[in-house]
Amino acid sequence: MIPESIAIDGPAASGKSTVGGGLALRLGFFYFDTGVMYRAVTLASLRHGIPVTDEKQVSRLAAQVAIDVQPPTVDDGRQYNVLLDGEDVTWAIRSAEVDADVSRVAAYPEVRAVLTEAQRRIGQRGKVVMVGRDIGTIVLPDAEMKVFLRASAEERARRRYLELINRGKQVDYKAILEAVHRRDAIDSSREVAPLRPAADAIIVDTDRIGIQGVVDYLEALYKQIHVRGATETV
Ligand code: CDP
């Protein structure tokens, strides 16, 4: 068991970043969003002119680039700084181009091997809320608490739509809904580390409880699990 570690998984726009960031803040843990690593490799491929269909070259690139996630230094709504070879790419990895290609890149086994290893190193230190697709199943199967967030595709597309509108982007709801469906299909059907809840994950439907309600619920639950774990090992 990794002490003070929480794994949160779920499909695109299921509320992982709001729930994960909120929970980390309340517990004083480090919030680590593993999706940014897959996004950074995708951005690097696009910038190097490597077609994302070229598995060999994309895999080689994943092993070469330096991806760093640090506490935020700019007050523009970000939860962290993402650095790609030293450059701030926090917002660049959120582009529609990256959105469209990231699931393909994330399906490559060698890309996953490199990034999973880096994520485990961070997770082993404890005091962490890690979010992604395979955290409870593959990256941190020994996490103290595992959560799987669910929400309907329509609700998730609505959230992503509002998020982009609020950032001043021109977006089309139908196109976002299609992208959500497409990403879900690739993430759930890939051979390596497909999106699925761990057998011992707590499943939370965020359609029905608002996101802040989910944070309250999980904070209370984590405290119970943590205290129980501590007394059992005494
Ligand atoms: O925020 P959103 O849910 O849209 O996506 P994300 O968490 O930033 O992840 C982007 C993509 O990276 C996902 O669609 C997955 O294809 C991939 N990913 C993954 O395969 N494994 C993870 N642990 C995290 C992300």
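**Exercise 1.** Which helices each supply at least two residues of the shell around the ligand?

*Solution.* The model is predicted: local features need pLDDT of at least 70, side-chain atom pairs count only at pLDDT 80 or more, and totals for chains, interfaces and linings use all residues. Residues are numbered from 1 along each chain as its sequence is written, and side-chain values use heavy atoms, with hydrogens and water left out.

Step 1. The ligand is surrounded by 20 residues, where a residue counts if one of its heavy atoms lies within 4 Å of the molecule. The closest are Arg39, Arg112, Arg160, Arg183 and Asp187.

Step 2. Helices are DSSP runs of H or I with at least four residues, strands are runs of E with at least two, and both are numbered from the N terminus. At least two shell residues come from each of α2 (35-47), α4 (96-106) and α8 (173-189).

**Exercise 2.** Describe the shell by residue class, then its polar contacts with the ligand.

*Solution.* Step 1. The shell holds six nonpolar, four polar and 10 charged residues. Here Ala, Val, Leu, Ile, Met, Phe, Trp, Tyr, Cys and Pro count as nonpolar, Asp, Glu, Lys and Arg as charged, and the others, Gly among them, as polar.

Step 2. A polar contact is a pair of N or O atoms within 3.5 Å. The side chain of arginine 39 places an N or O atom 2.6 Å from a ligand oxygen. For arginine 112, a polar side-chain atom is 2.7 Å from an oxygen atom of the ligand. Aspartate 134 has a polar side-chain atom 2.8 Å from a ligand nitrogen.

Step 3. Taken alone, the ligand exposes 530 Å², of which the protein buries 97% (Shrake-Rupley method, 1.4 Å probe).

**Exercise 3.** What volume does the largest pocket have, and which element gives the most to its lining?

*Solution.* Step 1. On a 1 Å grid over the protein atoms alone, a pocket is an open set of points where a 1.4 Å probe fits, with protein on both sides within 12 Å along at least five of seven lines; lining residues have an atom within 4 Å of a point.

Step 2. The volume is about 890 Å³. Among the 39 lining residues, Ser17, Asp33, Arg94, Arg160 and Glu163 are closest to the pocket centre.

Step 3. α7 gives the most to this lining, with five residues. By class, the lining has 11 nonpolar, 12 polar and 16 charged residues.

Technical notes:
Polar contact = N/O pair within 3.5 Å; in protein donor to acceptor, adjacent residues only side chain to side chain. Points joined across faces, edges and corners; volume = space filled by probe spheres on them.
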